[in-house]
Amino acid sequence: MIRRLTALLAMLTPLALAAAPADALRPPLLLTGQRADVQDLSGRWTYSKDYYRTGLTDINGWVAKSRMQRHRDVDVAAAETKPGTGFFEFDLDRGPAMEIPGAWNAATPELRWYDGLIWFQRRFDAAAAKPGQRSFLRFEAVNYRANVYLNGKEVGRHEGGFTPFVLEVTDALRTSGNRLVVGVDSRHDAQSIPGEITDWDLYGGITRPVKLIQTPATFIDDATLRLTDTGRLVGSLQLNGAQAANTSVSVQIEGLGVKAQATTDVRGEAHFDIPAPAMLKRWSPESPQLYAVRFSGAGDTVGERMGFRTLAVKGSEILLNGNPITLRGVSIHEEELGANPARRLNDSAARALLSEVKLGLNGNYVRLSHYPHSETVLRAADELGLLVWSEIPVYWTVDWDNPAVLLKAQRQQAETIYRDRNRAALALWSVGNETPVAENRTRFHAALAATVRALDPSRLVSAALLVERQGDTVRIADPLLPHLDVMAVNTYAGWYGDDKLEDLDRLQWALPTTKPLLVSEFGADALAGYHDLGEQPRKWSEEFQAAYYRATLSMLARIPNLRGISPWVLKDFRSPRREHPVFQNGWNRKGLISETGQHKLAFRLLADHYRGLPR
């Protein structure tokens, strides 16, 4: 792993080099999949609001500490046996409770617009540790900053609202009476990723599961396997622990008769290179074949369900398993169906959304916007057969010249790559969305593209770019293009601006043709159930949205290297920027279905269009 990070640093710009020390990008992972000794801490957690952020403010040592800090820092199980240790302003044992995982914005009307710090508590017992066993907390997502304490001891911090993090708690954990306290701060600022202003609801809280994982003293931290263009199964396995070096490890694929062994090097890493058997069935949207893969080593075993396929760009074509493919997709936000979403994408909620794409729209592709979605969504896409675009929230604008901000973005990119690189569905890594062209911005994105190529060279790199309009000619003039495998653009001609729908026929797309192009966004708002049957339907009506789709699809069909689209967006989603008192009221209405799942006219139009496209 050190070799890979050294190579990464050599590729990066001076800005990135200053921001990425050699050990910064590979987090502790605890490879997901089927593991023994996993305890889910989902359920009712008590909480306490902290308007003045007193729990994170230490003025003058213990005497001046806020009572929230005292409550947080003391091992309460021990303190309760001593007199004079009462806490008056805060009492998480008797506080209100909410369901975790889930955003606090949906828990109670009082918290709908809360933006700041909330303290959460979960009391739990744990299985007795075996000799030499280690214990870890794995948070799948906390939005946006997390300060984590177990039994009065700070065990770690994390920044970034959409990626997992792992904290070792071996020394702090006990078998009974554990008290886990998490300070969750939802505030964004000029140095956060994303920044303060977005066009979606940022939510706040512990939005994905928290798990206690117990492992042997040396355990499998990471393992991966993929199919190469030359017909080899190549991968690696990383051990973590005192016995990580010079240890025998293995990989086995059930149903294929594949089993291979290797020995870890001094860093605990081993590599596999196996000829793929002739009977291997390649994963594709039409046949999403997954195999049971088992990684073993140092007394630890992890099971995965994995598909194997190849992906490449050749000229203006995207090749899946060596064959050209057209991506028939849609963009999607991480909100479950319902009038009060809590960003609680469990398996059934994820499948409900993705089935609308796969079965309803006849799609083979989904753009996960504008941040890494839940691992549950990626695993469901693997099983359903949907190719995936995944991006980190370098969105609109960030502090391009700040090396610390770049490092945050690189860490989020790395955390996402390591989590999802075993998903056959994952096809494109995006390094940003709608960022204004400037030299410092281009350096920033180029560094992210280099991060992707160093950590996962088997997938394609893209970004959702802005276009330039000169009269009736649309161009891309973005210096980021040389760093991308696939061009992607967002366009809203006919909705924003002065263009009428009949004007779209005149637009000419003067784009480079040496790379494949995806239209990553286009769309128009419509309030479900609002109809206008006039000859020229008005905006906001389902009829206008359908007419907009008809005109836009006709316009885009003239682009010779168009290889896919992901209209904006599958479902109406919350956005505090959208405050039209009749049609929006805090919702972006560009969805093809309403927030509760009602299909609009454009949904069927797009489904029919996709049905007629070549496979």
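**Figure 1. Helix 6 in the lining of the second largest cavity of the predicted model.** Helix 6, residues 347–360, contributes 3 residues to this lining, the most of any element. The cavity itself has a volume of about 40 Å³.

**Figure 2. Residues around the second largest cavity.** The lining consists of Ile332, His333, Glu334, Leu345, Ala350, Leu353, Leu354, Leu368, His373 and Val377. By residue class, 7 of these are nonpolar, 2 are polar and 1 is charged. His333 and His373 both belong to the lining and are its polar members, while Glu334 is the charged one.

**Figure 3. The centre of the largest cavity.** The structure holds 3 cavities of 30 Å³ or more, and the largest encloses about 140 Å³ of space. Its lining comprises 17 residues, of which Leu29, Arg138, Pro164, Tyr418 and Arg419 lie closest to the cavity centre.

**Figure 4. Secondary structure elements that line the largest cavity.** At least two lining residues come from strand 8 (165–168), and at least two come from helix 8 (403–420). Helix 8 provides the largest share, with 3 residues.

**Figure 5. Chemical character of the lining of the largest cavity.** Nonpolar residues number 9 in this lining, charged residues 6 and polar residues 2. Arg138 and Arg419, which are among the residues closest to the centre, count as charged. Leu29, Pro164 and Tyr418, also among the residues closest to the centre, count as nonpolar.

Technical notes: Residues numbered from 1 in each chain as written. Predicted model: local features only at pLDDT ≥ 70, side-chain atom pairs only at ≥ 80, totals over all residues. Heavy atoms only, no water. 1 Å grid on protein atoms, 1.4 Å probe; cavity = no way out; pocket = protein on both sides within 12 Å on 5 of 7 lines; lining within 4 Å. Points joined across faces, edges and corners; volume = space filled by probe spheres on them. Helix = DSSP H or I, 4+ residues; strand = E, 2+ residues; numbered from the N terminus.
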